[in-house]
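Me: Please give me a close look at the empty space in the structure below, beginning with what is enclosed. I would then like the answer to go on to the open space, the ligand site and any unusual backbone geometry.

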Amino acid sequence: MNLTNFRLETDSDGVALLTWDMPGRSMNVITPDVIDELEKVVEHVAADAAIKGCVITSGKETFSGGADLSMLQVAAAEYRKALRDKGEEEAARLFFEASRRLSLVYRKLETCGKPFAAAINGLCLGGAFELALACHYRVVADVDKARVGLPEIKVGLFPGAGGTQRVARLMHTGDALQMLFKGEQIRPKAAKTMNLVHEAAPAGEILARAKSFIAGGGKGVAPWDESTFKLPSGKVFSPQGMMVWPAANAIYRRETHDNYPAAKAILHSVYEGLQLPMDLALRVESRWFAKILRSPEAAAMIRTLFVSMGELNKGARRPAHAPAAPIKKVGVIGAGFMGAGIAYVTAGAGMDVVLIDRDQAAADKGKSVCDQLISGQVLKGRAKTAEKEALLGRIKPSADYEDLAGADLVIEAVFEDRAIKADVTRKARLALGPNAVFASNTSTLPIGSLAEAYAEPEQFIGIHFFSPVEKMALVEVILGEKTGDRALAVALDFIRAIKKTPIVVNDSRGFFANRCVGNYIREGHLMLLEGAPPALIENVAKMAGMPVGPLALNDEVALDLALKILEATKQDLGEAAVDADQEALLRAMVKGHGRLGRKNGKGFYDYPAQGPKFLWPGLADFQKAKLDPDRIDIAEFKRRFLVAQALEAARAIEEGVVTDPREADVGSIIGFGFAPFTGGVLSYIDGMGAANFVVLCDELRRKYGPRFTPPQILIDMARGHETFYGRFANEAKRVA
Ligand code: NAD
């Protein structure tokens, strides 16, 4: 048999072993060729009387990450072409047939009459796990890196190759829905407990166990194809079923605010599918899948969270000519809140760290924070004691700058004070050679001016982390006027090593993310002053797709910090640069009431020692008038939150702070949780069209003031029917 992506061999017991091992790739992915070859194999196994059954495994380090999502982008483009050339009905028919091809091949495998077993040696996700689910037996290697799961929901899709139907027939409906909604990666033992696999076995034994299932006469019939099969939660229309569905609907609303069509399609698919025999159920699933695949939400999320994020992680902005040199030793100056976090993630990635502070005790304190962080991981079973010791062994706390000698990169995270920063920068340079790269983690000071303290300003760059460092995936890299390509390459190589996602921005006040976030929080403050009930403000923000309400977010960041930033902005740019009402509110909260946020247990919320936080009743005193909640235009409030942020992103593009829409979109979702279903701040504008967005801005400007004035770039784009991505592609072509 002529196969490119698989090897097929049959042993003396008549058990075939199909090894998935795609040439020229480090990981197996599902492509149209893979689907074709798999179908051929199934037909061959079914037809050859000498073959009893087949074990599927992988020749790579892991099993497979699932489908190549760019294949879905191609399918969507083909649909648009067919729509133009052949009309809607024919285009829809063709699209439906193409999008269910994988599902049909898996069903063919499941019903071909011969048993199939999956020997899962590592990560097995999405379409690859759906392949395993279609097999009659599944053994997963019980090793650290092995995970199974269906994460499609994270890019606006859902498992459309039988996943929703098979999972809902393997476990209780409530558990199945939760698994499909969360899209989590599940460890081997948990997968066994959840009934998703038959065995979690030592890595060296998975092949033998899968083979012995077949050699021992394992059946080639799925449980749901047996006449005796009973659904784990009983029938949908039964007292048991009715315990599940009303709650499931309510949870869906609470978790998604109806923003995610893929989540709704999961509900439909499971609810309708469980009332049907498998073949029809799969057809229903395919119908929903074809619909979701064409949804703007899936297109936007795939582009931003899969394609663009992958490109940024692989170094899309890295200057290609700068040689890659491994970063072995990193200096961190300032062992406070941020410095300790930076030291922790750096040592966690295998680099040696010198952690410097004003004296040994302060440096030791920073290291003890790293100890607490890694000890927490050990307690949760996510790290081993030996890993903890190795990580801590790589961190050297010190007050002696000489210890920085030989460092490839130094990151300072001392107080946000120009003079202190200049002082530590100079001291560090004395200990470092001329080749080291020096970075500042400042959140507000221009990189160009900080670089003046460094002998080689071309080696000076901004590496701006978000707090808490160990959790936040985004890092902003800031280029000063003189920053050179080598410094950028080193910064990006470092960020890649610590497995975070970089965006590269030009020097400016607030850089990118904090500018957008600042506008989001301000909108919440102003709604409060207009008289909107605080709880309504927080809830509407979540309905708009934000993960945390603006008042809660401000409490996390700290109110005194927000006030400080406003004061500094006013000092540098003049009175008109800040909103006087917002400043008065923050001043009253911080100076008048001593409310600093979560850090002192009182901000917009009260944080009792015991029990959950609650909105501070005193907020009512800031409201001259009270709006009637029943008359508040909720849709308009939602738009205000998103438009305020998207406008700021458009301004950042206009000013040349951000130069690539992919970075604005990815940065907005992973940096501050901008409504993921939109695909990010600029996809939000592109999605509705610049002309509609400008109309919306004008309406909001008339009602709420000049902060909603659209920048010229948007007006030009509206006139020319342009999109950010279109402009960017044209610009890239022009440069090439
Ligand atoms: P922090 O007060 O927790 O830590 C600052 C540390 O610097 C302290 O340990 C202090 O002892 C040390 N330090 C002060 N002067 C020093 C000197 N001369 N030599 C050596 N060490 C000295 O502050 P932080 O919140 O970690 O912020 C540090 C930097 O990171 C600031 O530039 C801040 O703007 C930036 N930043 C903070 C956040 C955040 O959320 N806190 C987020 C992004 C960036």
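Reply: The largest cavity has a volume of about 50 Å³ in this model, which is predicted. Its lining is made up of Arg318, Pro323, Ala325, Ile327, Arg486, Ala489, Val490 and Asp493. Sorted by class, these lining residues comprise five nonpolar and three charged residues, with no polar residue present. The charged members are Arg318, Arg486 and Asp493. Counting every cavity of 30 Å³ or more gives a total of four. The reasoning behind such a search is simple: rolling a probe the size of a water molecule over the atoms shows where empty space is left.

From enclosed space the account passes to open space. The second largest pocket holds about 650 Å³. It is lined by 30 residues, and those closest to its centre are Ser295, Pro296, Glu297, Ala299 and Ala300. Four helices give two or more residues each to this lining, namely α2 (69-86), α11 (261-273), α13 (296-313) and α27 (681-688). Among them, α13 gives the most, with seven residues. By class, the lining of this pocket consists of 16 nonpolar, seven polar and seven charged residues.

The position of this pocket can be read from the domain assignment. The protein is divided into domain 1, covering 6-294, domain 2, covering 329-510, and domain 3, covering 514-731. Because domain 1 and domain 3 both give residues to the lining of the second largest pocket, the pocket lies between them. Taken over C-alpha atoms, the centres of domain 1 and domain 3 are separated by 41 Å.

The ligand site comes next. The shell around the ligand contains 21 residues, of which Met338, Asp357, Glu416, Lys421 and Ser443 come nearest. Ser443 makes a polar contact there as well: one of its polar side-chain atoms lies 2.7 Å from an oxygen atom of the ligand. Arg358 likewise places a polar side-chain atom 3.0 Å from an oxygen atom of the ligand. Val414, by contrast, approaches through its backbone, with an N or O atom 3.3 Å from an oxygen atom of the ligand. On its own, the ligand has 830 Å² of accessible area, and the protein covers 79% of it. The elements that supply two or more residues to the shell are α14 (337-348), α17 (418-431) and β14 (460-465). Of these, α17 gives the most, with three residues. In terms of class, the shell is composed of 10 nonpolar, seven polar and four charged residues.

Two points of backbone geometry remain. Most residues other than glycine have a negative phi, and most peptide bonds are trans. The peptide bond from Ser467 to Pro468, however, is cis, with omega near -5°. Pro468 belongs to the loop between β14 and β15 (474-479), and β14 is one of the elements that give two or more residues to the ligand shell. Asn195 has a positive phi, near 75°, although it is not a glycine. This residue is found in the loop that runs between α8 (188-193) and β8 (199-201).

Methods
Residues are numbered from 1 along each chain as its sequence is written. This is a predicted model: local features need pLDDT of at least 70, side-chain atom pairs count only at pLDDT 80 or more; totals for chains, interfaces and linings use all residues. Side-chain values use heavy atoms; hydrogens and water are left out. A residue is near a molecule or strand if one of its heavy atoms lies within 4 Å of it. A polar contact is a pair of N or O atoms within 3.5 Å; within protein, one must be able to donate a hydrogen and the other to accept it, and residues adjacent in sequence count only if both atoms are side-chain atoms. Accessible areas come from the Shrake-Rupley method with a 1.4 Å probe; for residues, only the protein chains shown count as cover. Domain bounds come from an automatic or database domain assignment. On a 1 Å grid over the protein atoms alone, a cavity is a set of points where a 1.4 Å probe fits but cannot get out, and a pocket is an open set with protein on both sides within 12 Å along at least five of seven lines; lining residues have an atom within 4 Å of a point. Grid points are joined across faces, edges and corners, and a volume is the space filled by probe spheres set on the points.
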